[in-house]
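Here's a quick briefing to read alongside the model. Have the viewer open and jump around as you like.

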Amino acid sequence: MCVVRRLIPGTIAGQITGLVIIAVLLGVGLASGVLLYLIDQGQTGPNREILATVRAAHIAAIAKEAEAANSKEQLSLALRRSHSNSIEATLVPAAGLAARGESAPASPFIAAVEASLRDNWGLESLRRASQPGDGDSIFLKVGDHNALRFEISPHGGLHNLLFVQTICALAIITSSIVFLSIYAVRWIISPLSSIASAARSFGRAGGDETELSVDGPREIEQAAQALNDMRKRVRTLVNERTQMLVAISHDLRTPLTRLRLRVERLNDGPPRAAMLQDIVTINEMLGETLAYVRQGTQREEASLIDLPSLLETIAAQFADIGHEVSYTGPDRLAFAGRAHAIGRAVANVVENATKFGSRAVIVLRALDDGAVETEIFDDGPGIAPGLLDRVFEPFFKGDSARSIEGRTGFGLGLSIARDIADRHGGDIALVNREPHGLSVRMTFKPLQLTQVWGVTSAA
Amino acid sequence: MLTAASSILTSNQARILIVEDDLAIHHMLSEILSENGFSVSATTSAVEMDRALRREEVDLVVLDVMLPGEDGFSICGRLRASSNLPILMLTALGEDVDRIVGLEIGADDYVTKPFNSRELVARIRALLRRTRAFGVKGGQRLGPLRFAGWRIFPAERRLLSPEGVRVTTTSAEFDLLLAFCHHPGEVLSREQLLEWTHGGLAGPVERSVDVHVSRIRQKIEPDPRDPTFIKTVRLGGYIFTPEVGAL
């Protein structure tokens, strides 16, 4: 069973091609079988009698000529003439030939020819007693010492001719049908591959979101249609959830605003400061959620941006709220990318760095291929090696006890950063530093510019 | 110096019109602004706002984005089409910020909810000061300007280098640069500059003008260590040397 399964090709194209080949071979085989059977029919019944009489007449004529031949030349001429027919005559010594005995029964056709020779021409055929393989031969005595051996094919030349030509024709027909069917099968199957790749790319970053074309065989058309419908349903479902999350996050901000205004009007003191800090935390978490559910739906245009100024601005914004964040790198570096997105990715990583460490440094490097690398390192505790891969999972929170001031979010920051680097054709990598601290490297590749901002505005 | 600025404002009681549909926020905002010396009218919808604008003169509008009926974006567009009234928008969505900053809608500034009331007041003051200092009240809006090949778009809050590359700044840096651009060739004192910007008010760390100036120099000067655009004037403050023209 296992062997059989291993012999069956894995692809649909392979299986159908195999099926076609087997069907063609079977058809051709059966057809030629029937043909041969019909030809063989000629050796039985009345047909056999007629054919045997015709052969006997031939043999008799050749025998007469050989008998009448005076010289060797005439004899060989007579024999050569016999070659053109479906009878082959050769001269053999007469010694060892005897009348047919019961011990060597001839085939029905040979027997019929012999009977006809005897009845119509008065020629008695002989047998070579001891030799096997003489079943299809008839011997006639010529002169005293010689005999003629006639080898008779019951089918005649037609049979041989048919056989060779049929094999050639069958080979040509079979191979052309096989090639045609391989081509046709691929043509029919090809929409399946596009369905598979559409299913594979669905929901991936940069995936092709266009509808599948629904032409092709009806079953494949149905499959494509079903996949299109499914994609539509999944998208609607996700969009609804996104809308819901956005609405929740958004609507929560109104009561949060009220709360903040109320708290601000309380008497100054530790509880007030703590409450304000909590409100800030809740708001940051809402912002994080919004950014996460909205990622990929925002279509920011790529433009030429000065990365050092962007990173300096991020460092300044963190410095202005009391964190020690600095920038090192080139003074100017133009890069085609999405300013908001890159800014958010870097800010998310810096945000983490300031949560776990006391100071962070943003480093910018230009890579050889036009890409850029940002490295953000801090002096915090780093991440346990076993968790290095897991930090990118949405909602993953490391050991929150290690964070300073208890600032925690939903754990979406790094997965958003990774998504942004991904959309810029780059990646993100985390490495622990010695003696302690974490280094986060992100690479970004330049994007195709859609428009040059400022030229249109200036016009 | 901040008290000095406040006294200037309170002397001629700036009138603020609030458009906010949440009643609690609406009341508390009115109280906070009144306490800070503004004269406040509060409305809850576009219709009420239109009525109030017909009835009285207003110096600044605080406009919520999410309103029943006509939303904040639409109101902002409508106001902008007919007047140059400074508009500060309140928004709860980051995406709104993109739209406001991208300035399809022409607001002058924005504050995100939940806002810090101190920050809101500071921004309102800065916006009023800016409007007065640059003398655009009743005149045209701040148009894009050009200096030494650089282009600055006040409405879009965008800065483009001579090579057409977008340079990012903090809002305090941008306001400071804009103040320089509106007073080229003048010696500006640190007090004046601080008055025109609200940088440092939002965060716990108050930055001096010098810090913002050195950050701007880092971003726009051909050689930040030997500045030629923003020069320091001994005992005076700073002077912006490039020629500034409208774009």
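Before we get to the interface, one convention: two strands count as paired if DSSP finds at least two bridges between them. By that rule, strand S6 (residues 303-306) of chain A pairs with S9(B), with 2 bridges joining them and the strands running parallel. Keep in mind that this is a predicted model; the predictor gives the complex an ipTM of 0.74 and a pTM of 0.62.

**Where the chains meet**

- The contact draws 36 residues from chain A and 33 residues from chain B.
- On the side of chain B that touches chain A, helix H2 (23-35), strand S7 (150-153), strand S9 (166-167) and helix H9 (209-220) of chain B each bring in at least two residues.
- That side of chain B breaks down into 15 nonpolar, 10 polar and 8 charged residues.
- For a spot to click on in the pairing between the chains, try Asp306(A), which stands opposite Val167(B) in S9(B).

**How far to trust chain B**

- Chain B has a mean pLDDT of 81, with 81% of its residues at 70 or more.
- Confidence in chain B bottoms out in helix H1 (residues 2-11) of chain B, at a mean of 44, and is highest in strand S1 (residues 15-19) of chain B, at 94.
- Over residues 1-11 of chain B, pLDDT stays under 50, and the model has 12 contacts beyond four places in sequence for them.
- Residues 136-140 of chain B also stay under 50 in pLDDT, and for these the model has 8 contacts beyond four places in sequence.
- Where pLDDT is low, the predicted coordinates shouldn't be read in detail.

**Chain B in overview**

- Chain B has 9 helices and 13 strands.
- Of the 247 residues in chain B, 40% are buried.
- Take the contacts in chain B between residues at least 6 apart in sequence: 58% of them join residues at least 24 apart.

**The sheet in chain A and the helices across it**

- In chain A, 5 strands make an open sheet in the order S7-S9-S10-S12-S11, with mixed pairing.
- Strand S7 (324-328) and S11 of chain A sit at the edges with a single partner strand each, so one side of each has no neighbour in the sheet.
- From one strand to the next, the twist averages 15°.
- S11(A) and S12(A) run antiparallel and are joined by 5 bridges; in S12(A), Met442(A) is the bridge partner of Ile428(A).
- Helix H9 (residues 307-320) of chain A lies across S7, strand S9 (359-366) and strand S10 (372-378) of chain A, at about 165° to S7(A).
- H10(A) lies across S7, S9, S10 and S12 of chain A, and runs at about 15° to S10(A).

**Nonpolar cores**

- The largest nonpolar core has 69 residues, and Val346(A), Val350(A) and Ile362(A) have the most contacts inside it.
- Helix H10 (residues 339-356) of chain A gives this core its largest share, 10 residues.
- Another core lies apart from it, with 39 residues, among them Leu60(B), Val61(B), Leu67(B) and Ile124(B).
- Which residues does Val346(A) touch, leaving aside its neighbours within four places in sequence? The contacts are Leu311(A), Ile314(A), Ile362(A), Thr374(A) and Ile376(A).

**Backbone oddities**

- Most residues other than glycine have a negative phi, and most peptide bonds are trans, so here are the exceptions to look at.
- The Glu434(A) to Pro435(A) peptide bond is cis, with omega near -5°; Pro435(A) is in the loop between strand S11 (428-432) and strand S12 (438-444) of chain A.
- Lys113(B) and Pro114(B) are also joined by a cis peptide bond, with omega about -5°, and Pro114(B) lies in the loop between strand S5 (109-112) and helix H6 (117-133) of chain B.
- Ala148(B) isn't a glycine, yet has a positive phi of about 45°; this residue lies in the loop between strand S6 (145-147) and S7 of chain B.
- Is Ala148(B) exposed, partly exposed or buried? Ala148(B) counts as partly exposed, because it has 13 C-beta neighbours inside 10 Å.
- Leu235(B), not a glycine either, has a positive phi of about 60° and is found in the loop between strand S11 (230-233) and strand S12 (237-240) of chain B.
- With 6 C-beta neighbours inside 10 Å, Leu235(B) counts as exposed.

Note on methods
Residues numbered from 1 in each chain as written. Chains lettered and ligands numbered in written order. Predicted model: local features only at pLDDT ≥ 70, side-chain atom pairs only at ≥ 80, totals over all residues. Contact = placed C-beta atoms within 7 Å. Helix = DSSP H or I, 4+ residues; strand = E, 2+ residues; numbered from the N terminus. Nonpolar A, V, L, I, M, F, W, Y, C, P; charged D, E, K, R; others polar. pLDDT = per-residue confidence, 0-100. Core = buried A, V, L, I, M, F, W, Y, C linked by C-beta atoms within 7 Å. Buried ≥ 20, exposed ≤ 12 C-beta atoms within 10 Å, placed from the backbone. Axes fitted to C-alpha atoms, helices over the stretch in contact; angles between N-to-C directions.
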